[in-house]
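This report is written for a reader who has not seen this structure before. Please look at the sequence and the model first, then read on.

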Amino acid sequence: MAMANLARKKAINLFNNTVISSGARRYSYSLSSTFSRGFASGSDENDVVVIGGGPGGYVAAIKAAQLGLKTTCIEKRGALGGTCLNVGCIPSKALLHSSHMYHEAKTSFAKHGVKLDNVEIDLAAMMGQKDKAISTLTKGIEGLFKKNKVTYVKGHGKFLSPSEISVDTLEGGTTVVKGKNIIIATGSDVKGLPGITIDEKRIVSSTGALSLTEIPKKLTVIGAGYIGLEMGSVWARLGSEVTVVEFAPAIVPSMDGEIRKQFQRSLEKQKMKFMLNTKVVAVDTTTDVVKLTLEPSSGGDQSVLEADVVLVSAGRNPFTSGLGLETIGVETDKIGRIPVDERFATNVNGVFAIGDVIPGPMLAHKAEEDGVACVEFIAGLHGHVDYDKVPGVVYTHPEVASVGKTEEQVKEMGIPYRVGKFPMLGNSRAKSIDDAEGVVKIIAEKETDKILGVHIMCSNAGELIHEAALALTYGASSEDIARTCHAHPTLSEAVKEAAMATYDKAIHI
């Protein structure tokens, strides 16, 4: 406790009334405005109050406490971790892994000399394993709160003033939590589509798709983004006939075009079907099957697609309603996001926002970085998040991971560039485990060799991408990666070979 208080005093004394730089911007920041304002005083007032216990919120709360700030976190779900841990990232990865194991047992084990008869799916046991992972991790965060002395309030919070939050607790009462600095970290919610009612039984969101009690014979996914492809992949492996309907002309529009085409071909080999440039104009749930009326995105002849279950995966909206933002005058844009400055401060003094409720990638790891940086600013330190260097991963098999610019973006910027590619077929580790589908692609500035973007499609691409993220963060060249010794045999050698191909020539192709 003494060390924590010392850290807080040091932060306040060292950085009060100083000039802090963020990228190309410089601005003055006085801690007196941060730590002196507020409507309450005494032991019941917090230095920091976080509304929302998801990846951004709980990380912000823990970091604030580690910096010696008295901190309370408010979470309405009654379980920490937010959408990501409870009905998003974690349960979906559990099912992706379990379904991949089943698929491998059915299709690949025999080649490795492992022969099994009558491989069956116990869906209830699979869901049980998923639920156990969720429970263990949520309890783990509660343990971290106790360890770091973060006060945890279970209930729905709403602003009474810029420094007071009224909480309708899950136990049935009401309490007021006071704080000098309030961080809004309420995340996002499923984005619906006009004319489609989600009942989480036959028409489901990603939440419902994680808890189906039986394997649908036919599953239609509306939306070919990260979530839709991951959940479609789960149920396709378990035996569903999966059709993906996408309004745009391509899947995952933000993905590098060359990688995207290879990715779609890979999913099609897994018997997933795609209807691109297609929109849903009507849904009929009056019969035993759901009937979707489709037509081309630009208009034209209609067709009907039948499904047992329809997954609506059209994106997410920031969750900012019901927080009383209008009471204190916090501004939002037309889709409910909260504009913030470099310090994550809103237009209301002492009120901050992070994660999915502000502009930027709607990713758990981005929210975590927001949370740390925001709290560091509140404590008078320097925080920094570069949204251009946030990696993105599609956790199918193979996985697709990327960081930095796509080739299309570099072309549009008019930057002369070079591209180096290395196929996983040339990687000895991938060949030895009979999992050699994919490629590593590196884009570098032609004159300086500075890496601009890295795109990987292969098993474990989500693990390989962090070498590239580090390289981009520190302005590395492709030669820097190429001249770094990589252990053999590893999948990561493919990154080294792609780097060699970018500035010179690869060896093993």
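The text below covers the nonpolar cores, one sheet, the salt bridges and some backbone details.

The model is predicted; local features need pLDDT of at least 70 and side-chain atom pairs count only at pLDDT 80 or more, while totals for chains, interfaces and linings use all residues. Residues are numbered from 1 along each chain as its sequence is written, and side-chain values use heavy atoms, with hydrogens and water left out.

## Nonpolar cores

A nonpolar core is a set of buried Ala, Val, Leu, Ile, Met, Phe, Trp, Tyr and Cys residues joined through side-chain atoms within 4.5 Å. Buried means under 20% relative accessible area, exposed means over 50%, and partly exposed lies in between, using a 1.4 Å probe and protein chains only. The largest nonpolar core has 51 residues. Those with the most contacts inside this core are V50, F145, F159, I165, I183 and I184. Helix 3 (residues 55-66) gives the most to the core, with seven residues. Helices (H or I, at least four residues) and strands (E, at least two) are DSSP runs, numbered from the N terminus.

I183 shows what such a position touches: V48, V49, V50, I51, A60, F352, I354, C374, V375 and I378, not counting residues up to four places away in sequence. Contact here means heavy atoms within 4.5 Å. A second, separate core has 35 residues, including L95, L123, L212 and V234.

## A three-stranded sheet

Strands of a sheet pair through backbone hydrogen bonds, either parallel or antiparallel. One open sheet of three strands has the order 13-14-15, and its pairing is antiparallel. Two strands pair if DSSP finds at least two bridges between them. Strand 13 (278-284) and strand 15 (303-307) stand at the edges with a single partner strand each, so one side of each has no neighbour in the sheet. On average, neighbouring strands of this sheet are turned by 35° against each other, direction ignored. Axes for such angles are lines fitted to C-alpha atoms, for helices over the stretch in contact, and angles run from 0 to 180 degrees between N-to-C directions.

Strand 13 and strand 14 (residues 290-296) run antiparallel and are joined by six bridges. V280, for instance, has L294 in strand 14 as its bridge partner.

## Salt bridges

Side chains of opposite charge can pair when their charged atoms come close. The structure holds 16 salt bridges, each being a side-chain nitrogen of Lys or Arg within 4 Å of a carboxyl oxygen of Asp or Glu. The table gives three of these pairs, with the distance between the closest N and O atoms.

| Acidic residue | Basic residue | Closest N and O atoms |
|---|---|---|
| E230 | K93 | 3.1 Å |
| E437 | K269 | 3.4 Å |
| D449 | R418 | 3.2 Å |

E230 lies in helix 8 (residues 226-237) and K93 in helix 5 (residues 89-107), so this pair ties together parts that are 137 residues apart in sequence. E230 counts as buried at 6% relative accessibility, whereas K93 is partly exposed at 24%.

The salt bridge between E437 and K269 links the loop between helix 13 and strand 22, where E437 lies, to helix 9 (residues 257-269), which holds K269; the two residues are 168 residues apart. E437 is partly exposed at 28% relative accessibility, and K269 is exposed, with a relative accessible area of 63%.

In the salt bridge between R418 and D449, R418 comes from strand 21 (residues 417-423) and D449 from the loop between strand 22 and strand 23 (451-458), 31 residues apart. R418 is partly exposed at 26% relative accessibility, while D449 is buried at 8%.

There is also a network of salt bridges that links D256, E258, E407, K421 and K441.

## Backbone details

Which peptide bonds are cis? One of them runs from H397 to P398, with omega near 0°. P398 is in the loop between strand 19 (392-394) and strand 20 (399-404). The bond from H488 to P489 is also cis, with omega near -5°, and P489 lies in the loop between helix 15 (478-482) and helix 16 (493-503).

F344 is not a glycine, yet has a positive phi of about 65°. F344 sits in the loop between helix 10 (325-328) and strand 18 (351-353) and is buried at 7% relative accessibility. D434, also not a glycine, has a positive phi of about 55°. D434 is found in the loop between helix 13 (428-432) and strand 22 (439-445), and is partly exposed at 45% relative accessibility.
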